[in-house]
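I sat down with this one to see how it is put together. My notes follow, in the order I looked things up.

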Amino acid sequence: MAQFGQFSLALAFVVTIYSIVASLLGIRFKNDKLIASGRNAAIGTFVCITMAILCLFYLLMSSDFSIQYVAEHSNRDLPLYFKLSALWGGQEGSLLLWGWLLTIYSAIVVIQNRRKHTAMMPYVTSVLMFTSLFFTTMHLFVVNPFTQLVTVQPDGSRIAFVPADGQGLNPLLQYILMIIHPPIMYLGLVGFAVPFAFAMAAMMSRQLGDTWIRTTRRWTMIAWFFLGTAILLGGKWAYVELGWGGFWGWDPVENASLMPWLIGTAFLHSVMVQEKKGMLKVWNMVLIILTYIMCIFGTFLTRSGVVSSVHAFAQSSIGGYFLAFIMIVLSGSLYLLTERLPDLKSENQMESIVSRESSFMFNNLILLASCFAIFWGTMFPVISEAVTGDKVTVGPPFFNRVNVPIAVFLLFLTGVGPLLAWRKASTNSLKRNFLWPAGIALAAGGILYFLGVNHFYSWISVVMSIFVTICIGREFYKGARARATGSGENFVEAVVNLTLRNTRRYGGYIVHFGFVLLFIGWAGQAFTSDSQNEAGIGDTFSMKQYVLRVDKLGVEDTPNYKSQKATVSLFEYGKKVAILYPERRVYKASQQPTTEVSIRSTLREDIYLVFSGSNPDGSKAIFQVYYNPLVMWVWIGGIILGLGTLIALLPNKKIPAKDSRAVRTQEAKQVEVGS
Amino acid sequence: MQCAHRRQSKLKLVRRAFLVAFLVSATFSFAADHDRMNALSDQLMCPCGGCNTTLGFCPHKLECGSGVGMKKELAQMIDSGMDDKTILAAFAEKYGKQILSAPPATGFNLAAWLMPFFALGFGGVVAVYCIRRFSARWSTASTNTVDAAQYQSRVEEELRKYTPED
């Protein structure tokens, strides 16, 4: 089976090269058959890589430890579902997954557009297949997942070696969300290859209107959605599995996923200006190039060992290849951009600093500044060592101090931006739109201050959140009221139809609301507290208004791990509200200990209990208890953010003509009254 | 007699006041020590090398031998009355500068702190300059009056709000 996998990779390599060559020759000689052949070859690459990944999956399922990858990332007692996640638990497998998802996207793109954008599509195929070629080369020659395990004899000869059992999957990856987290992450990272390919194709074919933007709008949103979802799942994993009481630690791997997401967010906003006003054409090209580069850079960062990370892949030699690929892509795309600069002139100009266009510009600026701050902080240890020879660490305190003020300003723009008029917002419209929300938010801020919320950034985050929520709520209310009056729909129906009639706009508002909830969750992090307690059976310890009582201490032995388990009753103001089961496991294959935390989540706070171990004489267990306010808002915010994105992806619903007339008449009346 | 009694009760009151003051200050100093411990733990990296996080957040808890040792060391320094700056300097000297969770704002490391804000400021200036330049060019080229521009923006805004397609 390993040979078949190897053969599939070799075939994919050849077919990918053919696809690039056929597409380019097809353009050169205006030969439609060659172009179609290149397109079919892209689908062929997908088939080949699919065969390779199926082979690896089979080898993992059959515990074929003659294969190095299988021996290093699984063992016989590993549950089947974790054998699936072992497929991407290591360097070789995860890169194969990257490459496979890219071929899936490529196949869908070429099939979907086989009769559209004829001038652009052969270039799109070439660019996608060029990226695929890089990964296929890596699979085949650098990080081959089908390498046989061998031992080196004293005389230097190598003989095949099959261990009795494998080393097992990293225990930290043995968590249910880890089965879906990496594929979702890669769906996001790889997804940005599609708009990038269209952008490059637009420049190569000189089709520099907004066709490429309109064609890739949904692709960009899909990639953005997956990347955002993966970041949140990663946060959930860190919160539940790492046992340090938080969900975001500014680890280089986390930063690597956040950077392309931030620039991707800037791109999603900026393309609207191009669509509506024909402006920022060069800027959009720059943004999509940067987004794609950051996706590759993130992959490089987690695999090169350039920076140390809690969950990066082992150090390896692949960093150099990635760096070379990044340099090729960057120089190629920037060369193309400079060549096409004269054709990328704006069709309109900015008219006022207080307008929707300029708010998008500031939003872009803030997102890029945040991305730069993260990039700079992540790479600063390397830069500092190169310049001064001194090793320094740039940890969470740096990122928090630098990014929090930037993020608060971004939150402000989230509320203000969508309500500003295109071209120029008048003073009257500013007053009309913002006076009440700002007044209510400030009044609420005053009340919160007297209630004890005096941590500045938490306070301003909550005040801004209230302001943005009112702004968004008013937009829904005004639109729904106009609809309800005109069409006879009730208010809820009107809200639903309003949203479905303009999914992009109202889906966007829902995304912004999700962002607000995320902020509220983050604001709560300023009020966390924790304590360490020694306790035996029957002993109690407290945290704020809660009392925890140890009811039972026991051990569990499974084929995969041994664990010490505690049963702890949680009382709030004397009333039993939950039973917590924190665990401390030692995985047999790797002998690695992990903590399995137990959490009681409410909208107000989380009680997060960690079984840290036993005291030196073994008579008592040691528990770390964390009081984490508002964490659930982060997850709810994430879900709403995802929901809003899905709504924005829907096509606009057409309303019946009769209703449409009624609504428009009413809306026109509204306008007259308003004026 | 009465005077002695009054003096005794006064003494008792003073003693009680001292006791209360002692207990309150002990409680507060314990809480302050706990807060200081937490704050300082966040300014130091865990030296175990496996978690890549701050001492306060090391997920390995009691398994992290080096982290537990360092926490004890930190507690001793706090108890001995050292101030935060001296404690951090002592750790930096013993373990090297990389034990600090954020680079000290001195020398080349100052660049770590300033660059993001410099980039933001620079970007902001460029953005404002571009908008002003473009809007100046627009206003000289355009014959519209301010009222017309306001009217136009309002019409645009209303069209945007009430037309079915965005």
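I began with the order of elements in chain B, which reads α-α-α-α-α from the N terminus on. That makes five helices and zero strands for chain B. This is a predicted model, so I keep that in mind throughout.

Next I checked how much of chain B is tucked away. Of its 166 residues, 22% count as buried. I also looked at the contacts in chain B between residues at least 6 apart in sequence: 35% of them join residues at least 24 apart.

Then I moved to chain A and pulled up its domain assignment. Domain 1 covers 1-170 and domain 2 covers 175-379. Domain 3 comes in two pieces, 400-518 and 641-674, and domain 4 is 526-632.

How far apart are the C-alpha centres of domain 2 and domain 3 of chain A? I get 26 Å. Where these domains touch, 25 residues of domain 2 of chain A are in contact with 20 residues of domain 3 of chain A.

I wanted to know which elements make up the domain 2 side of that contact. Those giving two or more residues are α9 (211-242), α10 (252-277) and α13 (356-388) of chain A. The largest share comes from α13(A), with 13 residues. By residue type, I noted 11 nonpolar, eight polar and six charged on this side of domain 2 of chain A.

I stopped at helix α18 of chain A, residues 503-523. Its 21 residues reach 30 Å from first C-alpha to last, close to the 30 Å expected at 1.5 Å a residue. Is α18(A) buried or exposed? I found 20 of its 21 residues buried, so the helix is largely enclosed by the rest of the structure.

Last, the nonpolar cores. The largest has 203 residues, and the members touching the most other members are Val124(A), Ala193(A), Ala197(A), Ala201(A) and Ile263(A). Helix α9(A) gives the most to this core, 16 residues; I had already met α9 of chain A on the domain 2 side that touches domain 3.

I picked Ala193(A) for a closer look. Leaving aside neighbours within four places in sequence, I find Ala193(A) in contact with Leu102(A), Tyr105(A), Leu128(A), Thr131(A) and Tyr292(A).

There is also a second, separate core of 17 residues. Among its members I wrote down Leu580(A), Ile607(A), Val610(A) and Phe623(A).

Notes:
Residues are numbered from 1 along each chain as its sequence is written. Chains are lettered from A and ligands numbered from 1 in the order in which they are written. This is a predicted model: local features need pLDDT of at least 70, side-chain atom pairs count only at pLDDT 80 or more; totals for chains, interfaces and linings use all residues. Helices (H or I, at least four residues) and strands (E, at least two) are DSSP runs, numbered from the N terminus. A residue is buried if 20 or more other C-beta atoms lie within 10 Å of its own, exposed if 12 or fewer, and partly exposed in between; C-beta atoms are placed from the backbone. Two residues are in contact if their C-beta atoms, placed from the backbone, lie within 7 Å. Domain bounds come from an automatic or database domain assignment. Ala, Val, Leu, Ile, Met, Phe, Trp, Tyr, Cys and Pro count as nonpolar, Asp, Glu, Lys and Arg as charged, and the others, Gly among them, as polar. The expected span of a helix is 1.5 Å times one less than its number of residues. A nonpolar core is a set of buried Ala, Val, Leu, Ile, Met, Phe, Trp, Tyr and Cys residues joined through C-beta atoms within 7 Å.
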